[in-house]
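Please walk me through this structure in plain terms. I would like to follow the contacts between side chains, then the space they enclose and the surface.

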Amino acid sequence: MSDQIPSASWSPPASSEPSVREIPLDEPQARPAYGLALALFVATLGTTLLAGALMDGANPFIHPADLVRGIPFSLTLMAILLTHEMGHYITSRHYGVRASLPYFIPAPPILFMIGTFGAFINMRSPILRRGPLLEIGAMGPIAGFVVAVVAVIAGLLQSSVQPENSLDGMKLGSPLLLQGLGAWLVDTPAKGYDLVLHPVAFAGWIGLFVTALNLLPIGQLDGGHITYALFGRRHKMISIIAVLGLAVLGVVGWPGWLVWGILGAMLGLRHPPVIDQTLPLNRRQRAIAWASLVIFVLTFTPVPFSV
């Protein structure tokens, strides 16, 4: 979630116990774009079905009925992405922060293998305090992470071991969580063999990768929201260090990190300030922040793709 948080010109009412809501009750609200959100969801469901079928060796262009072979991958990936965005959306609604419905971004599989560029929501009102900012930023990755873990476990139980010389294409890196789950659920492949992920497990792997990307402490990514809520003005320096770290990983590991570092810098390293910067985080919010850090460590993969 790299949502732009608008600034605000009004001041919150003075109170030692601020209300849960972040915006005035009488502020006008835009009507949700249900049609657009639904159309994008259906389009993305179609492109991910096609992507899943193609990955499974089918050719729906010749045999349209083979599209059903993409269902395990598509439904799993869509569930992870939808849960992630609904984590943001529901938390925003809880705090009275206006937010759009989740918008999915379809992508033709010939351009992007998994059939989607992800999903996002737009924040349409200011966030007054650091605590709600942290929770809104964190609940998306946490919610999506839970579904991704379930998908990885279910998929690993259906995955197979095959000879390495029979496998073509790229290999996937294993974050710490996947290594642990793999050691627990799957026998270690013998020399010359490798584990081939079931489509459900592959969708779960993508979910873990997307979670780590969103938790990068840069700009207005989810991790940027959390970092700003925790460290305030030091957020920009942390963003710079993170971008430089991605550049180093791009040189010594996966070149794609260079692209992400450049994108992060282009999207901006600053974070718009919340209106009330004096109210500290409570114990529950700090626990959420620490949980987000643990999830980032468990899901980050220095070399996610290799040949």
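How many salt bridges does the count come to? The model is a predicted one, and in it the count comes to two salt bridges.

One of them joins the side chains of Arg69 and Asp56, with 3.0 Å from N to O. Both residues sit in the loop between helix 1 (34–55) and helix 2, and they are 13 residues apart. Arg69 has a relative accessible area of 35%, so it is classed as partly exposed. Asp56 also counts as partly exposed, because its relative accessibility is 34%.

The other salt bridge brings together the side chains of Arg284 and Glu135, again with 3.0 Å from N to O. This pair links distant parts of the chain: Arg284 belongs to helix 9 and Glu135 to helix 3 (residues 130–156), with the two positions 149 residues apart. Are the two partners buried or partly exposed? Arg284 is partly exposed, because its relative accessible area is 46%. Glu135 has a relative accessible area of 5%, a value under the 20% limit, and is therefore buried.

Aromatic side chains come next. A search of the whole structure finds 14 aromatic pairs. Among them is the pair of Trp254 and Trp257, which is edge-to-face, with 5.2 Å from centre to centre and 85 degrees between the planes. Trp254 and Trp257 are both buried. Trp257 also pairs with Phe300, and here the rings are stacked, at 5.1 Å centre to centre and 25 degrees between the planes. The stacked pair links distant parts of the chain, since Trp257 is in helix 8 (residues 256–267) while Phe300 is in the loop between helix 9 (283–299) and strand 6 (305–306), 43 residues away. Trp257 counts as buried because its relative accessibility is 1%. Phe300 has a relative accessible area of 18% and so is buried as well.

These rings belong to a wider group. Phe73, Phe202, Trp205, Phe209, Trp254, Trp257, Phe296, Phe300 and Phe305 form one aromatic cluster.

From side-chain contacts we turn to empty space. Rolling a probe the size of a water molecule over the atoms shows where such space is left. The second largest pocket holds about 960 Å³ of space. It is lined by 32 residues, and those closest to its centre are Phe117, Gly118, Val210, Leu213 and Trp260. Which element supplies the largest share of the lining of this pocket? That share comes from helix 5, with seven residues. Helix 2 (71–94), strand 2, helix 5 (199–214) and helix 8 each give at least two residues to the lining.

Phe117, one of the residues closest to the centre of the second largest pocket, lies in strand 2 (residues 116–120). Phe117 also has a place on the surface: together with Ile105, Ile110, Leu111 and Phe112, it makes a nonpolar surface patch of about 540 Å².

Strand 2 also contains Phe120. Phe120 counts as partly exposed because its relative accessibility is 29%. Phe120 and Phe104 are 16 residues apart in sequence, and their C-alpha atoms are 6.6 Å apart in space.

Methods: Residues numbered from 1 in each chain as written. Predicted model: local features only at pLDDT ≥ 70, side-chain atom pairs only at ≥ 80, totals over all residues. Heavy atoms only, no water. Patch = residues over 30% accessible without salt bridge, like charges linked within 9 Å, V, L, I, M, F, W, Y side chains within 5 Å. Areas by Shrake-Rupley, 256 points an atom, 1.4 Å probe, with all protein chains shown as cover. Salt bridge = Lys/Arg side-chain N within 4 Å of Asp/Glu carboxyl O. Helix = DSSP H or I, 4+ residues; strand = E, 2+ residues; numbered from the N terminus. Phe/Tyr/Trp six-rings, centres within 6.5 Å; stacked < 30°, edge-to-face > 60°. Buried < 20%, exposed > 50% of the residue type's maximum accessible area, 1.4 Å probe, protein only. 1 Å grid on protein atoms, 1.4 Å probe; cavity = no way out; pocket = protein on both sides within 12 Å on 5 of 7 lines; lining within 4 Å. Points joined across faces, edges and corners; volume = space filled by probe spheres on them.
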